[in-house]
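Colleague: I'd like a close look at one part of this protein. Could you walk me through it?

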Amino acid sequence: MDKHATRLRRARKTRARIADLKIVRLCVFRTNNHIYAQVISADGGQVLVSASTLEADVRKELKSSSNVEAAAFIGKRIAQKAKTAGIDVVAFDRSGFQYHGRVKALAEAARENGLSF
């Protein structure tokens with residue numbers, strides 16, 4: 001098994017556990033250049049709010065879109081958008097990525113700004 005297949009296997013297992021809880025999930029995806037976060041509904045799988053380093057106003061504020069500072073900014077932004085949408089409690093879906101570096105920075109920033117998971 002290669003790295004990609006093992007990451008997808010971990011992601012599938014995590015999503016199955018979250019689906020049993022029937023709770024809104026905060027899904028994180030990262031590439032080498034960008035980081036993306038989405039709050040997805042429990043019942044239909046619809047995206048309720050999203051934030052990423054590709055957004056125009058985010059790009060203006062960040063020097064680089066692929067570092068821990070950018071991930072923390074996206075965590076803060078997704079928490080603010082979720083709060084305005086009336087979402088306070090989410091399950092954290094790290095999509096099989098290690099809870100380390102940019103993924104950890106995004107999660108901690110979201111917690112600091114009002115989301116609980």
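Which residues of H3 are buried, and how does that helix sit in the rest of the protein?

Modeller: Sure, and keep in mind that this is a predicted model. The buried residues of H3 are Ala70, Ala71, Ile74, Gly75, Arg77, Ile78, Ala79 and Ala82. There's a helical logic to read that list with: an α-helix has 3.6 residues a turn, so residues three or four places apart point the same way.

As for what lies over those buried residues, the cover includes three strands, E1 (25–30), E2 (35–40) and E3 (47–52). Helices H2 (56–61) and H4 (102–112) are also among the elements covering them.

The length of H3 checks out too. The helix runs over residues 68–84, and because each residue should add 1.5 Å, its 17 residues ought to span 24 Å; the end C-alpha atoms are 25 Å apart, which agrees. Just after H3 comes Gly86, with a positive phi of about 85 degrees.

Now for the setting. The protein has 4 helices and 4 strands, arranged along the sequence as α-β-β-β-α-α-β-α. Of its 117 residues, 39% count as buried. If you take the contacts between residues at least 6 apart in sequence, 59% of them join residues at least 24 apart. The overall size fits as well: a compact globule of 117 residues would have a radius of gyration near 13 Å, and the protein has 14 Å, so the two agree.

On the charge side, the protein carries 22 positive and 11 negative side chains, with the centres of the two sets 6 Å apart.

Definitions and conventions
Residues numbered from 1 in each chain as written. Predicted model: local features only at pLDDT ≥ 70, side-chain atom pairs only at ≥ 80, totals over all residues. Heavy atoms only, no water. Helix = DSSP H or I, 4+ residues; strand = E, 2+ residues; numbered from the N terminus. Expected span 1.5 Å × (residues − 1). Buried < 20%, exposed > 50% of the residue type's maximum accessible area, 1.4 Å probe, protein only. Contact = heavy atoms within 4.5 Å. Rg over C-alpha atoms; globule rule 2.2 N^0.38 Å. Lys, Arg positive; Asp, Glu negative; His and termini not counted. Charge placed at Lys NZ, Arg CZ, Asp CG, Glu CD.
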